Amino acid sequence: MHRRFISGVAAAALLLVAGSAAAQDFSAQRLSDEIRTISADDFQGRYPGTDGEKKTLDWLQAQYEAMGLAPGGPDGQWLQVIDLKRYTPVADAAKASWTGADGQVHALTPGTDITLRAVSNDGRASIANAGVVFAGYGIHAPERGWDDYGSLDVAGKIVIVVGGEPDGDLFNGPYATNYQSGAYKADEAKRRGALGVITVSKAKATDTAWTRMAQGNARTRTLTPGAADTEFSGAINADTAKAMGLDMAELAPRISTGDFRAFAVPGVALSVEVAETIDTLRTHNLLAKIPGTKRPSETIIYSAHWDHVGVNENAAGHDKIFNGAWDNASGTVGVVEMARQLKAAPAPDRTIVFAHMAAEEMGLLGGYAYVADPVYPLETTVADINIDMLPLSGPTRDVPIFGKGQNSLEDDLQALAEKEGRYVSDDGQPEQGFYYRSDHFPFARAGVPALMPWHGVDWVDGGREAGLAAWKARFGADYHKPSDEWSADWDLRSAVENLTLLYRLGLQLANSDAWPTWKPTSEFGQVRATSDAARK
């Protein structure tokens with residue numbers, strides 16, 4: 001039986017945690033010094049597979065060895081090897097056609113009528129005359145009473161879906177849910193036995209939105225570890241869909257009501273040929289741990305990505321090194337300092353892992369790779385607390401988080417924040433889609449309760465107006481730019497505040513026998529529920 005954390009903690013455990021928490025001492029100066037070290041020019045922007053990666057991982061390992069932490073990777077090692085597959089389409093290899101009820105074959109021109117990418121691990125797809133199903137948004141959301149598939153069997157079929165998700169409060173209002181993502185739609189289609197997924201665009205063949213997307217389809221891309229292993233993915237424009245019998249203007253109102261159910265496209269069969277070359281980029285996650293004394297198989301993870309975007313010789317100006325001091329040398333150092341403080345506390349009941357993820361800037365790939373091949377079982381991973389871009393300001397009243405309303409970790413954080421006269425809020429920027437943009441998300445998608453704090457803007461000295469303006473100015477000036485460099489002028493007082501809260505949260509989790517839970521409206525609750533038996 002699941003229990004909410006705050007109500008389930010014994011008084012003795014709370015006293016232990018309170019005493020331990022009082023002993024912590026995050027140092028703004030130490031944070032600054034270490035951020036300066038790993039964002040220096042000689043780390044070359046910390047790009048995966050480069051000397052900058054080796055320098056970063058060597059530095060991290062040395063910190064943990066000096067603290068006396070144990071290696072946390074596979075087989076007692078520090079590093080988890082991540083081999084990323086990069087796919088490049090073979091020129092002129094893609095072919096497609098559809099056959100109508102009258103038996104007539106209609107050729108489709110790749111890059112004009114349809115786009116195609118191989119998804120299967122061998123980089124090849126060859127499908128002849130597969131049936132076609134239109135599944136609306138391709139969403140099955142039982143917690144919202146939404147089911148586009150109904151009882152239709154799509155095994156061995158090609159599924160056509162609309163991108164995004166329905167508008168309105170039934171989903172998440174201005175904040176998107178996971179159901180809008182192509183990755184979710186592919187997972188759901190694969191789970192039902194589909195051969196491939198095609199996203200239908202609202203744009204016509206001559207619209208700029210379509211032609212730009214189609215032209216960019218030939219770029220090399222890195223496959224997300226653990227992605228649904230369908231044969232292929234693709235897209236068609238509205239004109240192609242209409243020729244096949246799917247008039248999107250007529251279908252749009254139907255698929256937005258919740259009453260729609262998938263249907264086979266009458267008489268239509270699709271044939272597809274795709275081939276891509278594959279090369280591999282090897283990179284690494286680094287993990288350290290403090291073993292639990294009572295329940296070592298139950299794990300709390302603090303995560304941060306160590307990588308940035310490296311060196312770009314084509315960048316404007318004289319500075320070609322993207323140092324990534326804020327993004328994410330700051331979060332990397334935040335996790336290191338979290339480990340330093342937790343190592344000084346009494347040994348925890350549960351194991352605490354400090355995970356430095358690779359290739360986040362390439363699409364959260366180190367995080368996805370960990371979740372696809374976890375060192376610690378996901379079903380007994382209590383929570384992931386992710387740190388990406390520490391706040392750079394004076395003290396704030398607010399503690400924004402990504403994905404507010406998702407799980408009970410935010411309630412635990414709120415209770416701790418209230419003791420400091422602070423409050424938890426959402427990130428305030430639904431248009432940014434922040435919830436899907438850092439390493440907490442692969443954990444959440446796999447059902448592990450995850451928390452990602454962000455930058456407060458309700459300044460104690462100056463209020464929200466001043467704080468928000470300052471954050472927007474800094475983000476606009478430095479995010480993914482060579483100017484993201486360490487500065488002695490950084491104000492890390494808010495970073496110390498947030499790290500202190502996350503330290504206390506982690507200790508509470510580590511000395512409890514309770515489990516954080518997903519809220520009833522979260523799309524991730526049904527994923528976690530599949531492993532309920534492991535947590536009883």
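Ile300 stands opposite Ala383 in strand E18, and that pairing is a good doorway into this structure. The model is predicted, so local features need pLDDT of at least 70 and side-chain atom pairs count only at pLDDT 80 or more, while totals for chains, interfaces and linings use all residues. Residues are numbered from 1 along each chain as its sequence is written, and side-chain values use heavy atoms, with hydrogens and water left out.

**Strands side by side**

Helices (H or I, at least four residues) and strands (E, at least two) are DSSP runs, numbered from the N terminus. Two strands pair if DSSP finds at least two bridges between them. Here are three such pairs:

| Strand pair | Bridges | Direction | Opposite residues |
|---|---|---|---|
| E14 (residues 295-305) and E17 (residues 350-357) | 8 bridges | parallel | Ser303 and Ala355 |
| E14 (residues 295-305) and E18 (residues 381-386) | 5 bridges | parallel | Ile300 and Ala383 |
| E3 (residues 95-99) and E4 (residues 105-108) | 4 bridges | antiparallel | Trp98 and His106 |

Strand E14 is mostly covered, with 8 of its 11 residues buried. Buried means under 20% relative accessible area, exposed over 50%, and partly exposed in between (1.4 Å probe, protein chains only). Strands E3 and E4 form a hairpin with 5 residues between them, and Gly103 in the turn has a positive phi of about 85°.

**The nonpolar cores**

A nonpolar core is a set of buried Ala, Val, Leu, Ile, Met, Phe, Trp, Tyr and Cys residues joined through side-chain atoms within 4.5 Å. The largest one has 93 residues, and Tyr64, Tyr302, Met338, Leu342, Phe354, Tyr370 and Leu413 have the most contacts inside it. Helix H14 (residues 493-510) gives the largest share of this core, 10 residues. Another core lies apart from it, with 37 residues that include Ile127, Val132, Trp146 and Met244.

Let's look at two members of the largest core. Contact means heavy atoms within 4.5 Å. Leaving aside neighbours within four places in sequence, Phe354 is in contact with several residues, among them Tyr64, Leu69, Tyr302, Met338 and Leu342. Leu342 lies in helix H9, and at 3% relative accessibility it counts as buried. Not counting residues up to four places away in sequence, Leu342 touches Ile290, Tyr302, Ile352, Phe354, Tyr503 and Leu507. Leu342 and Leu507 are 165 residues apart along the chain, yet their C-alpha atoms are separated by 7.9 Å.

**Helices and their surroundings**

How do helices H4 (residues 51-67) and H9 (residues 325-344) meet, and at what angle do their axes cross? The axes come within 10 Å and cross at roughly 10°. Axes are lines fitted to C-alpha atoms, for helices over the stretch in contact, and angles run from 0 to 180 degrees between N-to-C directions. H4 and H9 are therefore roughly parallel to each other, a label for angles under 35 degrees. On the H4 side, Trp59, Leu60, Gln63, Tyr64 and Met67 take part, meeting residues of H9 that include Thr332, Val335 and Arg340.

Helix H11 (residues 409-418) has 7 of its 10 residues buried, so it is largely enclosed by the rest of the structure. Among those buried residues are Leu409, Glu410, Asp412 and Leu413.

In helix H5 (residues 182-191), the buried residues are Tyr184, Lys185, Ala186, Glu188 and Ala189. They pack against strands E7 (140-141), E9 (158-162) and E10 (196-200), and against helix H12 (440-445). After H5 comes Gly193, whose phi is positive, near 90°.

Note on methods. Parallel < 35°, antiparallel > 145°, perpendicular 65-115°, else oblique.
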